[in-house]
Amino acid sequence: MSVLELHDVHKSFGDLKVLKGINFKVERGEIVVILGPSGAGKSTLLRIMNFLEHPDSGQVVFLGKKLNGNYKIIRWARSKMGFVFQHFNLFSHLKALDNVAIGLVKVKGKSWHEAREIAMKYLEKVGLSDKAQNYPSQLSGGQKQRVAIARALAMEPEMILFDEPTSALDPSLVGEVLEVMKSLAREGRTMIVVTHEMGFAKSVGTRIIYMEDGRILEESGPTEFFKNPRNERAKRFVDSILERVI
Ligand SMILES: Nc1ncnc2c1ncn2[C@@H]1O[C@H](COP(=O)(O)OP(=O)(O)OP(=O)(O)O)[C@@H](O)[C@H]1O
Ligand SMILES: [Mg+2]
């Protein structure tokens, strides 16, 4: 059974067609990297996978269950899917530890005591046990994002979605977040990552999906994709990013 399947998913905002028939499957342990220019529909696609947006038509199937608008099923699916956002989305009034613990209390019904014990374990995992008592305003961007990753992990998700997790960060802080993501990849976690970090895409991705204008234009292994993209627009995108790096 695939972890996630999308069948002919369409989505418009008013007259703007943002997703134009997306078909897509993710198997356990895959690290799927989604690339594409701004406005391609990448964030919308991730939000549909998590049912933060409803598709106009088509189907999303998570662990064999259709997400069809039934709120109970959506809640169940969300509890098994981590989501890491570009802008962290931490609660500013909660300490790092409680930002990680709160989902365990609210969604999994644990006591605060037990939730904090579990949360501490995950803060240790991302190298932040010494910052447990800090509020988000007392953390660097890289540390905030690692707290957000710990929060996702604490829920023991079947899959984690990352939407440009490093693009709001100062360049000097990108590495520490990518290192944590690489360690998750090595553990065999199922991940879908929207990123402009080509080095990460190439060395960690097991599959690359190139999107433009609401469609998937190319899907291939990372070596193949970066060496010889079949699609002309994918090739131009890769060239333009590599030029910017140099
Ligand atoms: N809630 C919304 N209401 C109206 N239009 C929206 C909404 N969300 C996204 N859009 C539009 O849909 C298109 C795709 O947006 P999306 O955020 O999915 O792109 P993206 O590929 O993630 O881009 P970026 O790389 O800049 O993050 C854009 O033209 C955007 O303006
Ligand atoms: Mg986006």
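User: What surrounds ligand 1 in this structure?

Analyst: Phe13, Leu16, Val18, Gly36, Ser38, Gly39, Ala40, Gly41, Lys42, Ser43 and Thr44 surround ligand 1. Such a residue has its C-beta atom, placed from the backbone, within 6 Å of the molecule. Please keep in mind that this is a predicted model, where local features need pLDDT of at least 70, side-chain atom pairs count only at pLDDT 80 or more, and totals for chains, interfaces and linings use all residues. Residues are numbered from 1 along each chain as its sequence is written, while chains are lettered from A and ligands numbered from 1 in the order in which they are written.

User: Which elements give two or more residues to the shell around ligand 1?

Analyst: They are strand 2 (16–26) and helix 1 (42–49), and helix 1 gives the most, with 3 residues. Helices (H or I, at least four residues) and strands (E, at least two) are DSSP runs, numbered from the N terminus.

User: What makes residues of this shell polar, nonpolar or charged?

Analyst: Ala, Val, Leu, Ile, Met, Phe, Trp, Tyr, Cys and Pro count as nonpolar, Asp, Glu, Lys and Arg as charged, and the others, Gly among them, as polar. By that rule the shell around ligand 1 has 4 nonpolar, 6 polar and 1 charged.

User: Why are strand 9 and strand 10 called paired?

Analyst: Two strands pair if DSSP finds at least two bridges between them. Strand 9 (residues 207–212) and strand 10 (residues 215–220) have 5 bridges, in the antiparallel sense. For Ile209, the bridge partner in strand 10 is Glu219. The two strands form a hairpin with 2 residues between them, and Asp213 in the turn has a positive phi of about 50°.

User: What makes a nonpolar core, and which residues of the largest one touch the most other members?

Analyst: A core is a set of buried Ala, Val, Leu, Ile, Met, Phe, Trp, Tyr and Cys residues joined through C-beta atoms within 7 Å. Buried means that 20 or more other C-beta atoms lie within 10 Å of the residue's own (exposed: 12 or fewer; partly exposed: in between), with C-beta atoms placed from the backbone. Val100, Ala119, Leu123, Ala150, Leu161 and Ile192 touch the most other members among the 74 residues of the largest core. Helix 5 (residues 141–154) gives the most to this core, with 7 residues.

User: Why does this core lie between domain 1 and domain 2?

Analyst: Domain 1 (1–40 + 47–80 + 158–246) and domain 2 (90–156) both give residues to the core, so it lies between them. The bounds come from an automatic or database domain assignment.
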